[in-house]
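This report is meant for a reader who is meeting this structure for the first time. Please keep the sequence and the 3D view at hand while reading.

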Amino acid sequence: MDELNSIELNSIIADKKPTTQQAYKRDYKRLRLLLDVDTIINNNNKLTKPITAIIKAIKNSEFSKNTQKGLFNMLVMIFQKNPNFKSQQVKVETEREKMNNKIEIERKDKNKELLETLPAQKTIDKDLNDLYNQKEYLKYIINYLVITYNLRNKDLCLKIVSSMKQTKDTEFNYLVITEKYVSFIRNVYKTASTYGKKDNRVQSKKFRDALLKFLELKEVDYKNEEYVIFKDRSGEPLNCNKIGDRLKYLLIENETKLNKIKVKEINNKPNTIKGLKKMEKNRGTDIKTIATYYSIEN
């Protein structure tokens with residue numbers, strides 16, 4: 001990327017968090033490649049392509065609707081930095097809103113289908129118990145954590161240790177085995193920069209037992225060595241962003257479905273707000289987002 005491109009992008013991302021910067025860089029690159037241009041606005045303060053052609057290219061692309069919405073959003077941010085493109089900004093904002101409406105319609109249609117097919121929480125709880133009885137200890141451990149604490153994939157970037165002294169590396173999450181319980185410590189998760197470090201005490205004796213039996217099968221002396229659950233082919237800790245690929249083979253249902261099942265159960269109880277607030281605290285997601293995107297009854 002040359003200096004001019006850097007200026008155009010950096011004016012947008014300069015004050016953003018690293019994760020947001022990466023997302024915007026990705027969308028900016030996609031937009032440039034799609035349009036086959038070096039910049040959206042050239043050195044003469046003109047669009048490198050007509051706005052109608054830009055909009056048409058995005059709408060006719062093979063990108064998903066969510067990605068197309070992201071590209072429209074990138075254009076809006078570029079135009080916001082330059083008052084000469086107010087009319088173009090308005091046109092793109094209109095297209096972004098249309099795309100957002102299409103996404104919302106699709107979400108509601110999918111939720112209608114899920115109402116008919118989504119398992120009940122008691123079915124998931126039975127499946128979880130079956131994993132323990134079948135001695136599928138790793139599957140039990142992972143599913144227990146996702147179901148109990150409403151996790152995302154990245155939350156499962158885990159090391160198993162025996163002492164809090166071993167939890168100083170904040171690039172990992174931890175299961176700390178004590179004599180009576182397990183501390184579940186999360187440093188690495190999607191909204192950590194907003195919600196901070198999370199520390200849950202897992203009191204379940206069955207969970208602690210499954211953890212010990214899993215380590216025994218792996219011939220790990222956990223009191224004298226730490227154990228990384230997910231490793232790459234060379235034996236090094238797997239990149240936390242790639243754990244989702246492994247979870248496909250471990251989870252009873254994907255994490256999105258498991259969380260939708262939990263929200264469905266909460267909605268059927270008298271004190272819905274209390275349940276959603278607990279989920280908000282567990283997951284590190286505001287209650288409005290949970291109610292909007294995980295309730296299949298909306």
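How many residues lie between β2 and β3 in the hairpin that they form? There are 4 residues between these two strands, and the sections below place this hairpin in its surroundings, with the reminder that the model is predicted.

## The chain as a whole

The chain has 298 residues, of which 43% are buried, and it contains 13 helices and 5 strands. Taken along the principal axes, the box filled by its C-alpha atoms is roughly 70 × 45 × 30 Å. The accessible surface comes to about 17100 Å², and carbon and sulfur atoms account for 47% of that surface.

Among the contacts in the chain with a separation of 6 or more, 58% are between residues 24 or more positions apart.

## How the strands pair

Strand β1 covers residues 158-161, and strand β2, residues 173-177, runs parallel to β1 and is joined to it by 4 bridges. Within this pairing, Val161 has Val176 of β2 as its bridge partner. Strand β1 also pairs with β5, residues 227-228, this time in the antiparallel sense and over 2 bridges, and here Lys159 has Val228 of β5 as its bridge partner.

Returning to the hairpin, β2 and β3 run antiparallel and are joined by 4 bridges, with Ser183 of β3 as the bridge partner of Val176. Val176 therefore has a bridge partner in β1, namely Val161, as well as the one in β3. Strand β3 in turn pairs with β4, residues 198-202, in the antiparallel sense over 5 bridges, and Arg186 stands opposite Lys198 of β4.

## Two strands with buried faces

Is β3 largely enclosed by the rest of the structure or open to the outside? Because 5 of the 5 residues of β3 are buried, this strand is largely enclosed by the rest of the structure. Val182, Phe184 and Arg186 lie on one side of β3, with Ser183 and Ile185 on the other, and all of these residues are buried, which leaves both faces covered.

Strand β1 can be read in a similar way, since Leu158 and Ile160 point one way from it while Lys159 and Val161 point the other way, and all four are buried.

## The nonpolar cores

The largest nonpolar core has 49 residues, and those that touch the most other members are Leu145, Leu156, Ile160, Leu175, Phe207 and Phe230. At least two residues of this core come from each of α6, α7, β1, β2, β3, α9, α10 and α11, and α7 gives the most, with 9 residues. Beyond its neighbours within four places in sequence, Ile160 is in contact with a set of residues that includes Leu175, Ile177, Leu211, Phe214 and Ile229.

A second core, separate from this one, has 27 residues, including Val37, Leu47, Ile78 and Ile103.

## Glu226 beside strand β1

Glu226 lies in the loop between α9 and β5, and with a relative accessible area of 34% it is partly exposed, because a residue counts as partly exposed when its value falls between 20% and 50%. Which residues does Glu226 contact when its neighbours within four places in sequence are left aside? They are Lys159, Ile160, Val161 and Gln166.

The side chains of Glu226 and Lys159 are joined by a polar contact of 3.0 Å. Gln166 is 60 residues away from Glu226 along the chain, and the C-alpha atoms of these two residues are separated by 8.1 Å.

## The disulfide

A search of the whole structure finds 1 disulfide, which joins Cys157 to Cys240 with an S to S distance of 1.8 Å. This pair links distant parts of the chain, 83 residues apart, with Cys157 in the loop between α7 and β1 and Cys240 in the loop between β5 and α10.

The torsion about the S-S bond is about -55°, so the disulfide is left-handed. Cys157, at 2% relative accessibility, counts as buried, and Cys240, at 14%, counts as buried too, because the cut-off for a buried residue is under 20%.

Methods. Residues numbered from 1 in each chain as written. Predicted model: local features only at pLDDT ≥ 70, side-chain atom pairs only at ≥ 80, totals over all residues. Heavy atoms only, no water. Buried < 20%, exposed > 50% of the residue type's maximum accessible area, 1.4 Å probe, protein only. Contact = heavy atoms within 4.5 Å. Polar contact = N/O pair within 3.5 Å; in protein donor to acceptor, adjacent residues only side chain to side chain. Disulfide = S-S within 2.5 Å. Core = buried A, V, L, I, M, F, W, Y, C linked by side-chain atoms within 4.5 Å. Areas by Shrake-Rupley, 256 points an atom, 1.4 Å probe, with all protein chains shown as cover.
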